[in-house]
Amino acid sequence: MAQYSRIEVANIMRGTGMVPLFYHPDVELGKKVLKACYDGGARLMEFTARGDFAFEVFSELNHYAIAELPGMVMGVGSITDAGAASLFLQMGANFVVTPSLREDIAMVCNRRKVLWSPGCGSLTEINKAEEMGCEIVKLFPGSTYGPGFVKAIKGPQPWTSIMPTGGVSTEEDNLRAWFEAGVTCVGMGSKLISKDILAAKDFQKLESLVRNTLAIIQKVRN
């Protein structure tokens with residue numbers, strides 16, 4: 001069962017401005033990544049469930065977060081059907097992120113008052129998601145649309161909350177462009193938790209990168 005309501009999760013997303021994305025089949029490595037992100041100030045983690053038996057890894061990581069990292073909100077991404085969403089909700093996922101707009105997933109999450117963030121690529125899809133109760137829309141792939149798309153959407157719909165994923169980096173110019181366009185938060189995967197960091201197991205570097213990125217986000221917001 002989720003530890004946080006969808007409104008609580010949405011507020012944490014708005015407050016921190018960043019959702020790290022991560023997948024690896026090694027549970028112990030995953031715990032170290034979680035700890036580094038947590039110590040760097042992140043309070044959310046989207047576990048992108050793309051590998052075989054990913055549900056087992058997520059379950060272990062969520063147990064670890066609940067026991068050792070108070071306030072760390074674990075969610076799951078790359079969910080493509082209602083069955084998978086239900087499985088991860090049973091393991092305590094606090095939010096569900098999808099690559100596309102899926103009404104079946106919306107229904108499963110809304111029944112449990114769990115935040116779901118669907119990947120949308122048009123104003124029509126965004127409107128449909130909001131009609132189904134979506135708090136924060138995922139713009140995916142962000143690199144295809146760019147900050148200009150966000151600015152265009154926010155013109156007629158200033159109430160729309162958008163989280164781009166893909167095409168977001170740790171550089172100040174990149175983050176400034178997204179937040180000045182009006183995004184609520186950004187999803188960051190390999191540009192934050194890189195293959196090089198994982199290969200070197202340089203968790204101190206990851207902690208510093210997370211801390212610095214969050215500081216830049218606060219700076220460009222002000």
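This is a short talk on the cores, one long-range helix packing, the main pocket and a few backbone details of the structure above.

Hi everyone, thanks for coming. One thing to keep in mind from the start: this is a predicted model.

Let's begin with the inside. The largest nonpolar core has 66 residues. Within that core, the residues with the most contacts are V33, M45, V186 and I193. A second core lies apart from it, with twelve residues, including A10, L115, I136 and M163.

If you want one residue to click on, try M45. Leaving out its neighbours within four places in sequence, M45 is in contact with P20, L21, F22, V33, L34 and C37, and also with M72, V73, M74, G75, F95 and I193. Two of those names, V33 and I193, are on the list of residues with the most contacts in the largest core.

Next, helix α10, which runs over residues 203-221. Do its ends sit where a helix should put them, or elsewhere? With 19 residues at 1.5 Å a residue, α10 should span 27 Å, and its end C-alpha atoms are 27 Å apart, so the two agree.

Which residues of α10 are buried? They are F203, L206, E207, V210, T213, L214, I216, I217 and V220. You'll notice a glutamate, E207, in that set. And what do the buried residues of α10 pack against? The partners are the helices α1, α2 (27-39), α8 (172-181) and α9 (195-200), along with the strands β1 (18-22) and β8 (186-188).

We can look at the α1 side of that packing through T16, which lies in α1, a helix covering residues 6-16. T16 has 15% relative accessibility, so it counts as buried, the cut-off being under 20%. Beyond four places in sequence, T16 touches L214, I217, Q218 and R221, as well as R43 and L44.

From the α8 side, I picked N174, which lies in that helix. N174 counts as partly exposed because its relative accessibility is 22%. Setting aside residues up to four places away in sequence, N174 touches G167, V168 and S169. The C-alpha atoms of N174 and P147 are separated by 9.2 Å, with their positions 27 residues apart along the chain.

Now the pocket, which I suspect some of you were waiting for. The largest one has a volume of about 440 Å³. It is lined by 23 residues, and L21, T48, R50, G189 and S190 lie nearest its centre. Which elements supply at least two residues each to that lining? They include β1, β2 (44-48), β8 and α9. By class, the lining has nine nonpolar, nine polar and five charged residues.

Last, some backbone details. Most residues other than glycine have a negative phi, and most peptide bonds are trans. Here, the peptide bond from F140 to P141 is cis, with omega near -10°. P141 is placed in the loop between β6 (137-139) and α7 (142-154).

Two residues that are not glycine have a positive phi. F53 has a phi of about 60°, and F53 lies in the loop between β2 and α3 (54-68). With a relative accessible area of 54%, F53 is exposed. K201 has a phi of about 50°, and K201 is found in the loop between α9 and α10. At 53% relative accessibility, K201 counts as exposed too.

That's my tour. Thanks for listening!

Definitions and conventions: Residues numbered from 1 in each chain as written. Predicted model: local features only at pLDDT ≥ 70, side-chain atom pairs only at ≥ 80, totals over all residues. Heavy atoms only, no water. Helix = DSSP H or I, 4+ residues; strand = E, 2+ residues; numbered from the N terminus. Buried < 20%, exposed > 50% of the residue type's maximum accessible area, 1.4 Å probe, protein only. Contact = heavy atoms within 4.5 Å. Core = buried A, V, L, I, M, F, W, Y, C linked by side-chain atoms within 4.5 Å. Expected span 1.5 Å × (residues − 1). 1 Å grid on protein atoms, 1.4 Å probe; cavity = no way out; pocket = protein on both sides within 12 Å on 5 of 7 lines; lining within 4 Å. Points joined across faces, edges and corners; volume = space filled by probe spheres on them. Nonpolar A, V, L, I, M, F, W, Y, C, P; charged D, E, K, R; others polar.
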